[in-house]
Amino acid sequence: MLRSLDWDRSRFDIEFGLRNGTTYNAFLVGGERWALVDTSHAKFRQPWLDLLQSRIDPRRIDHLIVSHTEPDHSGLIADVLELHPEIEIVGSKVAIQFLEHQLHRPFRRRVVKSGDRLDLGRNPDSGMAHELECLSAPNLHWPDTIFSFDHGTGTLFTCDAFGLHYCSEEVFDADPGAIAPDFRFYYDCLMGPNARSVLQALKRIEALPPITTVATGHGPLLRHHIDHWLGDYRDWSQARSGSETYAAVCYLSQYGFCDRVSQAIARGIGKAGAQVQMVDLRSTDAQELAALIGEAAAVVVPTWPVDPEPDLQAAIGTLLAALRPAQWVGCYDALGRQDEPLYGLASRLRSLGQSEGFAPLRLAQVPDAADVQRCEEAGTDLGLLLTRERTIAAMKALDGDLDRALGRLSGGLYVVTAAQQERSGAMVASWVSQASYEPPALTVAVARERAIEALLQVGDRFVLNVLRQDNHQSLLRHFLRRFPPGADRFAGIAVLEGVAAGGPVLGDALAYLGCRVSQRLETADHWIVVAEVEEGSVSDTEAATAVHHRKFGNHY
């Protein structure tokens, strides 16, 4: 195993913050012949190459298996080729196509698909025979992904899938409690938007012999609790794929910022409880593309090149022909090279009879965290449109007496605020309760679709602003508004910056509590955020907390 430990990385690309760093894992498998599974991030070039050469003469490596071509795993392929120009690169058809554009040099290649095998022979020292079987796993989370299963050791190499951003000296999952929050956060950010693809990959895995180790591309390898981790992926993905209604989020792989922006939009749609299908316009065949677009309830598309290559031009034609008037549509800046103008694309879609699911997403030339938040919130708005009828039906289904009885549960009125770098958020909360004395802790129920939910991961800080009974109405009206994606929640509101570590303190609040998230518990439609209270103050010891009395228990 060749590990690069990235202790200090605080953000992965532009999507989400990291509280525990990350690792980049590559692997050597040796029989009579040798295979290298993936490389590493270019920032670790010299130490990684030194480590590789300390383990083996690179000229003895027969095959370089490229699980997928994202730069954090393929960043040193060119360097390996410099050391051994005759090495054979093994990957999916799409991966090989991507590498042709990345490497700009000839290389030996082998295109593989599910069921193809690579026989490395028997290791002369251990006596172990190694035969690697390939499994196609597209869209986890790139369109070119393959898994590799070593029949000799029972090791499944999965690159991004089943991984997590967690840096430690511990190689395996010895302490599941320590890594579980990061494992779930990683799934929600990267794999959840591709839940349908996850289930297809799990079906292929089930056909394999017993797995002894899941060798992931990030974080510790999974060995001690494999059934638990795979079961979590299955349960979470089945929950996300339970409805036939879905949004097709289209993107152009390795074009501009398509991959990242589309993932943020898809993540927002999923937060609202709607289903998502990621669609790569470059690699999806015409028949499948027409079916995915035609059957979708909503379609999101990127700006594409003004002069697309013939295959892409054909895909665009298929996409436009498959659109139906009843669908919701949205579009976003791909930020590629000489894109079709965003508002021209939006106008073209409207002319075909589609309804706008969200306003066109114009982005900065290099999207920052605030842009990603805006894309996620736009996705959530679209997801709420798709789930509106289901939500209304669920509200009507609750027994009337039970509904009124639940409504008699009262609570205080609070505003939760949080800020991280360019991202910030706020929401009204009434389901708040003290949870312990020592250390002082509380719980806050946060609906899944709340934009601020992304800022309330384990380790994040936030502020609980306690509203006062005699002046809370204006604050309540302000924060109960439906904000457009990316809007500043604090515009026109008096806030005190720098008072608490987690975010703004409202100037008219009765009290504030600075909190740090210690756990997250999942329910059907809310996250229960458990947080330790680190600081706090009261502005008026004589004033009373605002109280919320409901009449019904099926909505706020």
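This report describes strands and helices in a predicted model.

## Basis of the description

The structure is a predicted model, in which local features need pLDDT of at least 70 and side-chain atom pairs count only at pLDDT 80 or more, while totals for chains, interfaces and linings use all residues. Residues are numbered from 1 along each chain as its sequence is written, and side-chain values use heavy atoms, with hydrogens and water left out.

## Strand β15 and its partner

Helices (H or I, at least four residues) and strands (E, at least two) are DSSP runs, numbered from the N terminus. Strand β15, residues 275–280, is mostly covered, with six of its six residues buried (under 20% relative accessible area, with a 1.4 Å probe and protein chains only). Gln-275, Gln-277 and Val-279 lie on one side of β15, and Val-276, Met-278 and Asp-280 on the other. In a regular strand the side chains alternate between the two faces of the sheet.

Strand β14 (residues 246–251) runs parallel to β15 and is joined to it by six bridges, and Cys-250 has Val-279 as its bridge partner in β15.

## The five-stranded sheet

An open sheet of five strands follows the order β9-β10-β11-β12-β13, with mixed pairing (two strands pair if DSSP finds at least two bridges between them). Because β9 (117–122) and β13 (213–216) stand at the edges with a single partner strand each, one side of each is left without a neighbour in the sheet.

Within this sheet, β10 (residues 129–136) and β11 (residues 146–150) run antiparallel and are joined by five bridges, and the bridge partner of Cys-134 in β11 is Ser-148.

Conventions. Buried means under 20% relative accessible area, exposed over 50%, partly exposed in between (1.4 Å probe, protein chains only).
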